[in-house]
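Please walk through this structure with me, from single side-chain contacts to the core, the salt bridges and the sheet.

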Amino acid sequence: MQVDVVQVQDGFQVLVAEPKQKVDLTKYTENHTFGFDFAYGDESDNVGIYTQTTRPLVQFVLEGGMGTCFAFGQTGSGKTFTMLGAPEAGQPGLYLLAAHDVFAAVDKGDIFGGDVSVFVSMMEIYGDEVLFPPPFPPHHTRTLSAPSSLPTRRRLGPTCGGAAG
């Protein structure tokens with residue numbers, strides 16, 4: 001019988017089954033449970049994750065707040081797919097879903113009296129590098145452009161402490 005090493009339980013806990021071996025070579029599994037505000041398994045989809053986590057943040061921003069949406073995790077854990085999705089396959093990511101909600105509110109004109117400018121910045125932090133993605137293809141933008149002086153790669157120095165704000 002094969003068992004997943006990581007299992008999401010009840011949408012709030014993650015169970016990690018750690019295979020171990022005793023001194024007498026007896027094999028056993030030590031289970032560790034971790035609690036979170038939300039936990040998503042591989043059956044989760046981006047729209048559900050967006051609805052539960054990011055849509056409230058977008059609403060807060062539309063009411064005048066400031067927000068940051070980021071993904072953190074191990075390589076291969078699905079961060080890029082969650083954030084960018086596969087729009088051509090009908091699976092939008094959190095960025096596209098958030099942009100849709102923001103521009104829908106702007107088009108309605110019911111926020112801040114209808115006089116709104118939208119500014120978005122994106123970056124990827126990989127190890128000690130900050131990577132700025134190239135501009136989106138034209139069909140994903142509304143007059144969004146990066147200044148020509150903006151570098152595409154920048155190294156983080158020890159003074160940055162590895163944090164981005």
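**Contacts, core and sheet**

In this predicted model, the side chains of threonine 54 and threonine 53 are joined by a polar contact of 3.1 Å. Threonine 54 lies in helix α1, which covers residues 46-62. Its relative accessibility is 4%, so threonine 54 counts as buried, the cut-off for that class being under 20%. Leaving out residues up to four places away in sequence, threonine 54 touches Ile49, Cys69 and Leu94.

Two of these contacts lead on to the nonpolar core, since Ile49 and Leu94 are among the members of the largest one. That core has 12 residues: Ile49, Tyr50, Val58, Leu62, Met83, Leu94, Leu97, Ala98, Val102, Ala105, Val106 and Ile111. Helices α1 and α3 each supply at least two residues of this core. The most comes from α3, which gives six residues.

Methionine 83 is also a member of the core. With its neighbours within four places in sequence set aside, methionine 83 is in contact with Cys69, Phe70, Ala71, Gly93, Leu94 and Tyr95. Leu94 in that list belongs to the core as well, and Leu94 is also touched by threonine 54.

The next residue to follow is aspartate 101, found in helix α3, residues 94-108. Which residues does aspartate 101 touch, not counting those up to four places away in sequence? They are Tyr50, Arg55, Val58 and Leu62. Of these, Tyr50, Val58 and Leu62 are listed in the core. With Arg55 there is a polar contact between the two side chains, at 3.1 Å.

The side chains of aspartate 101 and arginine 55 also meet in a salt bridge, with an N to O distance of 3.1 Å. This pair links distant parts of the chain, as aspartate 101 is in helix α3 and arginine 55 is in helix α1, 46 residues apart. Is arginine 55 buried, exposed or partly exposed? Its relative accessible area is 38%, so arginine 55 is partly exposed.

How many salt bridges does the model have in total? The count comes to two. Besides the pair just described, glutamate 30 and lysine 20 meet through their side chains in a salt bridge of 3.0 Å, N to O. Here too the pair links distant parts of the chain: glutamate 30 is in strand β3 (residues 27-35) and lysine 20 in strand β2 (residues 13-21), 10 residues apart. With a relative accessible area of 28%, glutamate 30 is partly exposed. Lysine 20 is partly exposed too, with a relative accessible area of 29%.

That second salt bridge leads to the sheet. It is an open sheet of three strands, in the order β1-β2-β3, and the pairing is antiparallel. Why is one side of β1 and of β3 left without a neighbour in the sheet? Both strands, β1 being residues 6-9, stand at the edges and each has a single partner strand, so one side of each has no neighbour there. From one strand to the next, the twist averages 25 degrees.

Strands β2 and β3 run antiparallel and are joined by nine bridges. Across this pairing, lysine 20 stands opposite tyrosine 28 in β3, while the salt-bridge partner of lysine 20 is glutamate 30.

Definitions and conventions:
Residues are numbered from 1 along each chain as its sequence is written. This is a predicted model: local features need pLDDT of at least 70, side-chain atom pairs count only at pLDDT 80 or more; totals for chains, interfaces and linings use all residues. Side-chain values use heavy atoms; hydrogens and water are left out. Helices (H or I, at least four residues) and strands (E, at least two) are DSSP runs, numbered from the N terminus. Buried means under 20% relative accessible area, exposed over 50%, partly exposed in between (1.4 Å probe, protein chains only). A polar contact is a pair of N or O atoms within 3.5 Å; within protein, one must be able to donate a hydrogen and the other to accept it, and residues adjacent in sequence count only if both atoms are side-chain atoms. Contact means heavy atoms within 4.5 Å. A nonpolar core is a set of buried Ala, Val, Leu, Ile, Met, Phe, Trp, Tyr and Cys residues joined through side-chain atoms within 4.5 Å. A salt bridge is a side-chain nitrogen of Lys or Arg within 4 Å of a carboxyl oxygen of Asp or Glu. Two strands pair if DSSP finds at least two bridges between them. Axes are lines fitted to C-alpha atoms, for helices over the stretch in contact, and angles run from 0 to 180 degrees between N-to-C directions.
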